[in-house]
Structures are given as C-alpha cells and as structure tokens.
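Visitor: Got a minute? I'd like to go over this one with you.

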Amino acid sequence: MQQTWSRHLRYTLAGLAGTTLAGLYFGYPVYGLAAGLGAYLLWTLYQTRRLVQWLADPNTADEAPQSLGIWGVLFEKLHRLNLNYLQTRDRLHARIDRIQESTNAMRDGVIMTDARGALEWWNGSAEHLLGFRRSTDQGQYIYNLIRTPAFKSYFDAKNYREPLELHSPAKPHIHLQVQISLFGEDDRLIVAKDISRLHQLEQMRRDFVSNVSHEMRTPLTVISGYLETLVDNADDLPPKWRRAINTMATQSFRMETLITDLILLSRIETGEQAVNDAPTDVDSLVRQVCQDAQVLSGENQHDITFEASSHQRLNGDENQLRSAFSNLIFNAVKYTPAQGKIIVCWFSNSDGGHLSVKDTGAGIDQVHIPRLTERFYRADPSRHKDTGGTGLGLAIVKHVLINHDGNLEIRSQLGEGSEFICHFPAERLVTELAE
Ligand code: ADP
C-alpha cells in the first residue's frame, strides 16, 4: 500500500508539473497548474462518487468497480475485505443455525435469560413444555411466565446444586425438573426436563407402600390383640407354649412399629399429612422428648442433658418435629453404651435455628454417612435386632426437614461418637414479643 501511495504521489506531482510546464510554454504557468489541480479534483470527485454508489449497492460483493492507480487498488482492497466479512458472517450464521437445530432436536427445554431473568432465547421443546411464545414472550421475566413461588425463590437464591421439581405452567399434567446454571455475568441457562413418567412411577411406589401398610395394619392389630391377651394370661398356658407366645408378641409389636413408621413416612413424604405451620416451642418439646429418652434408657442410665441457648420458636408442624427429634434422640440412646453421655442443644445464629444431638456412642464409619437417610439402610446390620429399630428413623427425619426447608448434617467418626444436626432456615424462626 505504501508503494502504491508513493507511485500515486509521484504521478500526481509529475502530472501537475506537466500542466505547469505546458502553461509556461504558453506564458501562463499558474493557469497550467490550476488546470492540473482542477483535473485532479474532478477525477477524485468522480472516483468518490463511484465509491459511494458501489457501497450503497446491495450487490457490493459481486464485483468491484475497475479503476486506475490508487483508486483501483482501494476498490480491490475494499472488495476483498467485504468478501472476507461476508464469508465469516455466513460461517457464524451456519454455526448458530446448527446449534439451534441441535438444541431444537433436544427433548429438554433449554432457556437463556439475563441476570434479571429476562428471556433472551429458548428452544422448541421449551415452547412445548413451558408454553413460551416467540411472538409475545421475548424479553419477559421468566418468573412472570412460571408463576410458582418456589421457582422465583429458586431462581433468586442462586444455589443451584439441587434441581427443582414443578408442574408445567402450560400443561399441569407435565411434571418438570428444572436445573439452572450460571454463565457470563450472572446470566442463566435453564434446562427443563420432562420427568412425568418418573414422577408417576415414584407416585405408584409411594401409593403401593402406603396401601400395603394400611392393609396390613388391621389384621396385625387383631393378631397383636389376641397375643397380648394370651401373654396376660400366660400362667394358664402350658409352659411349652409360653416362650413361643412371648416371641410372637415381641415380633408382632416390632411389625406394628414398622408399619406405623412406614405409614408415617409415606404421609410425610407424599404431603398427605399437611404441614401445619405454627410457632413451636422447641425448648419444651425437646425437654419432653429427653424425658422419654431417659425412660427408654432405663437401667442403662445415660447422662442426657439439654441446653437451649435460643428462646426463639420454630415455625413448623409440632407433630412432625416431635417425630424427627425423637428419632434422633432415641437413636443416640440406642447406639450409645450404658452410662454414655448425650448432649442435646437448641441454638440459633444468623444462618437459622439448629438442633444438635451429640453422643459418645460407637460412631459411624464415613462410608455409611451419605446413605444413612435411605430407607432400611443400616451402618451395622448385625445390630438392628438388639436396638429394635425399624431402619426408617433417619428417612423420617430427612423428610420432616425437607418439609421445613431444612437439612440434616451428620458428623461422626468410628469410635468417637456422633453428632446429628438439624438446620432450619432463619425465615422459620419466630421471636416472641414480651407481653
Ligand atoms: P434404625 O431403626 O436402624 O435405628 P435409623 O434410620 O434411625 O434406623 O438409623 C439408620 C442407621 O444409622 C442405624 O441403623 C445406625 O446404624 C445408624 N445410626 C443412627 N443413629 C446413630 C447414632 N446415634 N450412633 C451410631 N449410629 C447411628
């Protein structure tokens, strides 16, 4: 380009020198120079007009105007730059089309929003699953279209480790699992998966367990009733029957406890037992449970202490909370050797309310901890006959805590005792005003 420019300068100067010399020949060198400059100006204006017309032409890419000297080179260079730009643009369009085609082929709904939740883009499945419409919903806030309060809280909380399950706003029979990921500057990528089939199967499983438990309860109550009468009148029985009757009574009592726990768990889990939120006095509730635990401990004489440093009440369902706390405190009694120490604490801080149950028992191996809240999971299966547990206690605790927006933390080392902590969010704490 530098060379072209020098040549252009040389030719222009030579041209002007030529017209000036011609003027000199006729005795008017200044007119000669003026005529040369005028011709140069006209040529430049003519080329500028061609450039403007060419750039305004929508078919610029087809061909560059032909010209001499620096203008020819300029046209050629611009033409090449334009071609490069068009090729890059076509390549990017093709790539975007391909990404859109592949996301449209996905069965999951994919949605992109900005940090405030305004819809930027979504695929075809999102239209089908969530009922978004391209003509009206572009730029709308997603939580105005998915109006479930749980979705708004999930979106705002920015804690997307666990997915959220909800019904489709457009087709309530569709059950969705929504997972959000953050990208860019707090923008959100939302994936909505249709889990209706899975949800239906899970519902069938729960209904089956619940129905079987209910159906078994009545005949078992009859059997237990007769066995109880027989045990009460054991003296009238021949000695060889006494042991058998006693064992049958113990086992039917175990089965009754198991069925009661199964029914309770399925009620808590299915929401059949509504969560009756009311400010609950955790202090006196746990104090009662600790007294029952002392009775359960009996001759084992565990040292059970309760410390309540918080006097705030907990907004929750008293019956469900009693089940959860008793399971944890009774477990501490069951899994701690005689005269062991059990410390129960109720305290609150900026994170919320916390109930901790700490014991000096056998402790739990780390490998078992993630699975302890599964139904019938036992860290030491050989011990469950001694403890008389149903294997459902911690599953009940987990579901009660889910119903109260809380979670269970388990800290334990084999041989060093265990600590089970129920964490409740700060929003559930109620400060009683002094009267
Ligand atoms: P279970 O009826 O068997 O006690 P849970 O669901 O209450 O059923 O507890 C599951 C398992 O967790 C128990 O079988 C036991 O192995 C372990 N576990 C629960 N609490 C404690 C504890 N305080 N110390 C040691 N192990 C415990």
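Visitor: What's the class mix in the lining of the second largest pocket?
Guide: The lining has 18 nonpolar, 18 polar and nine charged residues. Asp, Glu, Lys and Arg count as charged, Ala, Val, Leu, Ile, Met, Phe, Trp, Tyr, Cys and Pro as nonpolar, and the others, Gly among them, as polar. Bear in mind that this is a predicted model, where local features need pLDDT of at least 70 and side-chain atom pairs 80 or more, while totals for chains, interfaces and linings use all residues. Numbering starts from 1 along each chain as its sequence is written, and side-chain values use heavy atoms, without hydrogens or water.

Visitor: How much space is in that second pocket, and which residues sit closest to its centre?
Guide: It holds about 1,100 Å³ (the space filled by probe spheres set on the grid points, joined across faces, edges and corners). Of the 45 residues that line the second largest pocket, N327, F330, N331, K334 and Y335 are closest to its centre. A pocket here is an open set of points on a 1 Å grid over the protein atoms alone, where a 1.4 Å probe fits, with protein on both sides within 12 Å along at least five of seven lines; lining residues have an atom within 4 Å of a point.

Visitor: Which element gives the most to that lining?
Guide: That's α11, with 10 residues.

Visitor: OK, what does α11 pack on?
Guide: One partner is α10: the axes of α10 (residues 282–297) and α11 (residues 318–334) come within 9 Å and cross at roughly 40°. They are therefore oblique to each other. F325, I329 and F330 are among the α11 residues in that contact, and L285, V289 and L296 are among those from α10. By class, the residues of this contact come to 12 nonpolar, three polar and three charged.

Visitor: And the largest pocket, how much space is in there?
Guide: About 1,900 Å³. It has 46 lining residues, with E162, P163, I402, D405 and G406 nearest its centre. The lining splits into 17 nonpolar, 17 polar and 12 charged.

Visitor: Which element supplies the most there?
Guide: α13 does, with six residues.

Visitor: How do α13 and α9 lie, then?
Guide: Their axes come within 9 Å and cross at roughly 25°, so α9 and α13 are roughly parallel to each other. D261, L264, L265, I268 and E269 in α9 meet A395, I396, H399, V400 and N403 in α13 (heavy atoms within 4.5 Å). That contact has six nonpolar, two polar and two charged residues.

Visitor: What's the cut-off for parallel?
Guide: Under 35 degrees is roughly parallel, over 145 roughly antiparallel, 65 to 115 roughly perpendicular, and the rest oblique.

Key. Axes are lines fitted to C-alpha atoms, for helices over the stretch in contact, and angles run from 0 to 180 degrees between N-to-C directions. Helices (H or I, at least four residues) and strands (E, at least two) are DSSP runs, numbered from the N terminus.
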